[in-house]
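Open the model in your viewer and keep the selection tool at hand. This tour goes stop by stop, with something to select at each one.

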Amino acid sequence: MKALLIGEYRQGKLLDSTFELFGFAAQLGGETAFLLVGDETRLPACDGPLYLAEAAECGEYNPDLHKQLILQAVARENPDFIVFVHSSYGWDLAPRVAARLKAAQVSEVIGLTDGGFEVGCCNAKMRRTVKPSTARAVLTIQAGAFPARQPNGTPRIQRLAATGNGGLEFVGYEPAEAKDVDLTRAEVIVSAGRGVGKKENVPVIAALARALGGELGASRPVVDAGWIEHSHQVGTTGQTVSPRLYVACGISGAIQHLAGMKKSDFIVAINKDKDAPIGEIADVLVVADVMQFVPALTARLQR
Amino acid sequence: MKILVCIKQVPDMESRFKANSQGVWFEETDLAFRMNEYDEYAVEQAVQLKEQLGDAPEVTVLSIGPDRVVEAIKKALAMGCDRGVHVQDPAAATRDPWQIASIIASHAGDKGYDLILTGMQSQDRGSAQVGVTVAEELGYACATTLVGFAFSDGTVTAKRELEGGIKGVVRLRTPALVTCQLGLNVPRYPTLPNIMKAKKKEIQTIAVAELLKEEPLATTVSFHPPARKGGGIVLEGDVGVLVDQLLGILKDKTAVLR
């Protein structure tokens, strides 16, 4: 069995998430080959072929060219699996490669089972086991689902090149918005999710944060709805935090939010849905209406 | 200009899910269905573009599934789409993303859509494959995970959401397909007059057999709840009692309350 792992590179750097591919490959077993559109300054020390194309020539984000490069490596290696991280790079590129190869794609794999690949569904509340029917399959693995692993070998570097314009033109990066709230230093964070109901209820959550001497955090939907500013957002596209106490109020627990707070020392979730995925990682799940429970808790703390 | 929006109808995610008799997907009885949240942003962006271009583009909304999906199509029409296409498929839930994409591609193949919009993923399957695969099959330029969209002179300027809050800006010439991320815009609520107007709009029904020529490439063999991690305490009951219980635990287990 052989897996072709596709590394990620952005703003002149190999991304750390790349090493999770090696963690996944170790569980999968068999040989690996690696492909990166990047540069040679920091390459993983993996055994086997390492296909390298220059980002200076092929672009950091140019899915049509990167697809061509991957297809070249597939033709030479004949891998059983082509593996990406399920990220803005991987979920964008993987279906293009899969379509050209007419290979099954299994998205956002979180585990391996006898019957196939384990993936989340229904907003992470449920799981599916998916089995590819094609001899070759494209996989994307969920960020954080497999341990990062630094390989310890000697790569055989093979250069790849591709030309052409592709269907889109990359203009540039826009930096993340300045963070006027540094949640990464907070000892206590009390976050509001969609379950708080409406913008007018946010001060109730903020009051609990103050009563606990902490900061106000937010999940993505309440930021998108304009209830709380983006600088308070916790998660993949916001801040990654690890306070001593994290209180999730009315947050269902989308994987992108969990990725940003699961390293907190102690997690309390308040949710009226007993099956909400936040319950998977919470130390305490309080099954209650946020707008009844939180004011009662704040009042008791202030007494 | 012709625009296509592809939408899916999904269950309310606050529902309790249980496996169907085959054990490979959820049992639909007792579930309330609504438009996939990501697709609401795709519909809104299409309608905003139509407004920007002085009502000139024709916006078609397409959904695949049993008769219940007509409700989602009607909502999109009430938001401002012009016409609906219902691909009648009682077995849509058994299709893999490759088949769903092939149905859309075979519908769109000869229609000459300049722009196709989809949500970046569905809330129930979450594979994030269908939109990109449609673009690949049609040979359209494609950008995913849009949190910004601008259109002028046949060019889409798209802002893609990357990890850590960074954005990547790309330009695509039409024909193009884009997939929409949450927060791209503010999807409108259909007003009563627009709901009434939408009742007069045409919804074309096409049997799936006319469009589906592909076998699935992957099979779901099991649908089940996650294994419980264990260790977490679940508190239920009277709010006053819950507050006491929680404070007791916090005093015991954390150094936050002194």
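**Stop 1: a methionine at the surface**

Select Met196(B). This residue is partly exposed, because its relative accessible area is 44%. Bear in mind that you are looking at a predicted model. Now widen the selection to the helix around the residue: Met196(B) sits in α5 of chain B, residues 192–198. Add Leu192(B) and Ile195(B). Together with Met196(B) they make a nonpolar surface patch of about 280 Å².

**Stop 2: the two chains, one at a time**

Show chain A alone. Chain A holds eight helices and 17 strands. Its C-alpha atoms fill a box of roughly 70 × 45 × 35 Å along the principal axes. Of its 303 residues, 58% count as buried. The surface that chain A exposes is about 11800 Å², with 47% supplied by carbon and sulfur atoms. Take the contacts in chain A with a separation of 6 or more: 64% of them come from residues 24 or more positions apart.

Switch to chain B. Here you will find six helices and 13 strands. The box for the C-alpha atoms of chain B is roughly 65 × 40 × 40 Å, again taken along the principal axes. Chain B has 258 residues, and 57% of them count as buried. Its accessible surface comes to about 10900 Å², and 51% of that belongs to carbon and sulfur atoms. In chain B, residues 24 or more positions apart account for 71% of the contacts with a separation of 6 or more.

**Stop 3: the ten-strand sheet**

Show both chains again and colour the strands. Which order do the ten strands of the open sheet follow? Trace them as β11(A)-β5(A)-β4(A)-β1(A)-β6(A)-β10(A)-β7(A)-β8(A)-β9(A)-β12(B), with mixed pairing. Go to the edges: β11 (155–159) of chain A and β12 (218–224) of chain B each have a single partner strand, so one side of each is left without a neighbour in the sheet. From one strand to the next, the twist averages 35°.

Zoom in on one pair. Select residues 116–121 and 126–132 of chain A. These are strands β8 and β9, running antiparallel and joined by five bridges. Within this pair, label Phe117(A): opposite it, in β9(A), stands Val130(A).

**Stop 4: helices on that sheet**

Select residues 63–77 of chain A. This is helix α3, lying across β1 (2–6), β4 (31–38), β5 (48–54), β6 (81–86) and β11 of chain A. Helix α3 runs at about 155° to β4(A). Then select residues 90–101 of chain A, helix α4, which also packs on the sheet. Helix α4 touches β6, β7 (104–113) and β10 (137–142) of chain A, and its direction makes about 160° with that of β6(A).

**Stop 5: unusual backbone angles**

Most residues other than glycine have a negative phi, and most peptide bonds are trans. The next three selections go the other way.

- Lys102(A) has a positive phi of about 45° without being a glycine. Look for this lysine in the loop between α4 and β7 of chain A. Its relative accessible area is 41%, so Lys102(A) is partly exposed.
- Gln11(A), also not a glycine, has a positive phi of about 50°. Its loop runs between β2 (9–10) and β3 (13–14) of chain A. Gln11(A) is partly exposed, with a relative accessible area of 43%.
- Thr174(B) and Pro175(B) are linked by a cis peptide bond, with omega near 5°. Pro175(B) is in the loop between β9 (167–173) and β10 (176–180) of chain B.

**Stop 6: the six-strand sheet**

Which pairing does the open sheet of six strands have, parallel or antiparallel? The pairing is parallel, in the order β14(A)-β13(A)-β15(A)-β16(A)-β17(A)-β13(B). At the edges stand β14 (215–218) of chain A and β13 (233–236) of chain B; each has a single partner strand, so one side of each lacks a neighbour in the sheet. The twist here averages 20° from one strand to the next.

Select β13 (188–192) and β15 (245–249) of chain A, a parallel pair with five bridges. Label Val190(A) and its bridge partner in β15(A), Val247(A).

Finish with residues 239–253 of chain B, helix α6. This helix packs on the sheet, touching β15, β16 (266–271) and β17 (284–287) of chain A together with β13 of chain B. Its direction makes about 155° with that of β13(B).

Terms used
Residues are numbered from 1 along each chain as its sequence is written. Chains are lettered from A and ligands numbered from 1 in the order in which they are written. This is a predicted model: local features need pLDDT of at least 70, side-chain atom pairs count only at pLDDT 80 or more; totals for chains, interfaces and linings use all residues. Side-chain values use heavy atoms; hydrogens and water are left out. Two strands pair if DSSP finds at least two bridges between them. Helices (H or I, at least four residues) and strands (E, at least two) are DSSP runs, numbered from the N terminus. Axes are lines fitted to C-alpha atoms, for helices over the stretch in contact, and angles run from 0 to 180 degrees between N-to-C directions. Contact means heavy atoms within 4.5 Å. Buried means under 20% relative accessible area, exposed over 50%, partly exposed in between (1.4 Å probe, protein chains only). Patches are made of residues with over 30% relative accessible area and no salt bridge: like charges are joined within 9 Å, nonpolar side chains (Val, Leu, Ile, Met, Phe, Trp, Tyr) within 5 Å. Accessible areas come from the Shrake-Rupley method with a 1.4 Å probe; for residues, only the protein chains shown count as cover. A salt bridge is a side-chain nitrogen of Lys or Arg within 4 Å of a carboxyl oxygen of Asp or Glu.
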